[in-house]
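Subject: The structure I promised you

Hi,

Here is the structure we talked about, with the sequence alongside. Have a look at it first, and then read on for what turned up.

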Amino acid sequence: MLVLVCYDVSTETKAGRRRLRRVARVCESTGQRVQKSVFECQVDVAQFETLERKLLEEIDPQQDCLRLYRMPETRGFEAREHGAFNAVDFDGPLVL
């Protein structure tokens, strides 16, 4: 499934800046950054639950916001891109 991870971490303190780096690191290990605080992750159900658990361990729910969107895998779903970003085609051939 395709999951969008969006977060807003308070960076007013040193601890907040550290949380921001840790949240980004967890997301980078699973998906690709499409905006500063938005990642696209291609995961299965077990990976989704692991990702969510790791992110919840990093944020402070009193100060930060975390949203995970599970995108439907139906025909007709499309994402339109504009600008300089080139996304990875997860369904295309893997070239090493």
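Let's start with a single residue: which residues does Tyr-7 touch, not counting residues up to four places away in sequence? The list is Leu-20, Val-23, Ala-24, Cys-27, Arg-33, Lys-36, Ser-37, Phe-39, Cys-65 and Leu-66. Keep a few of those names in mind, as they come back below.

Before going further, please remember that this is a predicted model.

**The overall layout**

The protein chain has two helices and four strands. If you read along the sequence, they come in the pattern β-α-β-β-α-β. Of the 96 residues in the chain, 28% count as buried. Sequence distance is worth a thought too: take the contacts between residues at least 6 apart in sequence, and 66% of them join residues at least 24 apart.

**The sheet**

The four strands make an open sheet in the order E2-E3-E1-E4, and the pairing is antiparallel. At the edges you'll find strand E2 (32-35) and strand E4 (65-71), each of which pairs on one side only. From one strand to the next, the twist averages 25°.

Now for the pairs, going across the sheet:

- E2 and strand E3 (residues 38-42) run antiparallel and are joined by three bridges. They form a hairpin with two residues between them. To find this pairing on screen, look for Arg-33 opposite Phe-39 in E3, or Gln-32 opposite Glu-40 in E3.
- E3 is also joined to E1, by five bridges, and these two run antiparallel. Here Val-3 has Cys-41 in E3 as its bridge partner.
- E1 pairs with E4 over seven bridges, again in the antiparallel sense. Leu-2 stands opposite Met-71 in E4.

E1 is mostly covered, with five of its seven residues buried.

**The two helices**

How do you describe two helices that pack together? You give the angle between their axes and the distance between the axes. For helix H1 (residues 14-28) and helix H2 (residues 45-58), the axes come within 9 Å and cross at roughly 170°. H1 and H2 are therefore roughly antiparallel to each other. On the H1 side, the contact is made by Arg-19, Arg-22, Val-23, Val-26 and Cys-27, and on the H2 side by Leu-51, Lys-54, Leu-55 and Glu-58. Sort those residues by type and you get five nonpolar, no polar and four charged.

Both helices also lie across strands of the sheet. H1 lies across strand E1 (2-8), E2 and E3, and runs at about 170° to E1. H2 lies across E1, E3 and E4, and runs at about 170° to E4.

**The core**

The largest nonpolar core has 17 residues, and the ones that touch the most other members are Val-5, Tyr-7, Val-23, Cys-27 and Leu-55. So Tyr-7, our starting point, is on that list. E1, H1, E3 and H2 each supply at least two residues of the core, and the largest share, four residues, comes from H1.**Two residues to click on**

Val-5 lies in strand E1. Is Val-5 buried or exposed? Val-5 is buried, with a relative accessible area of 0%. Leaving aside neighbours within four places in sequence, Val-5 is in contact with Cys-27, Ser-37, Val-38, Phe-39, Cys-41, Leu-51, Leu-55, Leu-66, Arg-67 and Leu-68. Try tracing Val-5 and Phe-39 in particular: they are 34 residues apart in sequence and 5.1 Å apart in space, C-alpha to C-alpha.

Cys-6 is found in strand E1 as well. Not counting residues up to four places away in sequence, Cys-6 touches Ser-37, Val-38, Cys-65, Leu-66, Arg-67 and Tyr-69. Its C-alpha is 8.2 Å from that of Cys-65, and the two are 59 residues apart in sequence.

Have fun turning it around on screen!

Cheers

Methods:
Residues are numbered from 1 along each chain as its sequence is written. This is a predicted model: local features need pLDDT of at least 70, side-chain atom pairs count only at pLDDT 80 or more; totals for chains, interfaces and linings use all residues. Side-chain values use heavy atoms; hydrogens and water are left out. Axes are lines fitted to C-alpha atoms, for helices over the stretch in contact, and angles run from 0 to 180 degrees between N-to-C directions. Angles under 35 degrees count as roughly parallel, over 145 as roughly antiparallel, 65 to 115 as roughly perpendicular and the rest as oblique. Contact means heavy atoms within 4.5 Å. Ala, Val, Leu, Ile, Met, Phe, Trp, Tyr, Cys and Pro count as nonpolar, Asp, Glu, Lys and Arg as charged, and the others, Gly among them, as polar. Two strands pair if DSSP finds at least two bridges between them. A nonpolar core is a set of buried Ala, Val, Leu, Ile, Met, Phe, Trp, Tyr and Cys residues joined through side-chain atoms within 4.5 Å. Buried means under 20% relative accessible area, exposed over 50%, partly exposed in between (1.4 Å probe, protein chains only).
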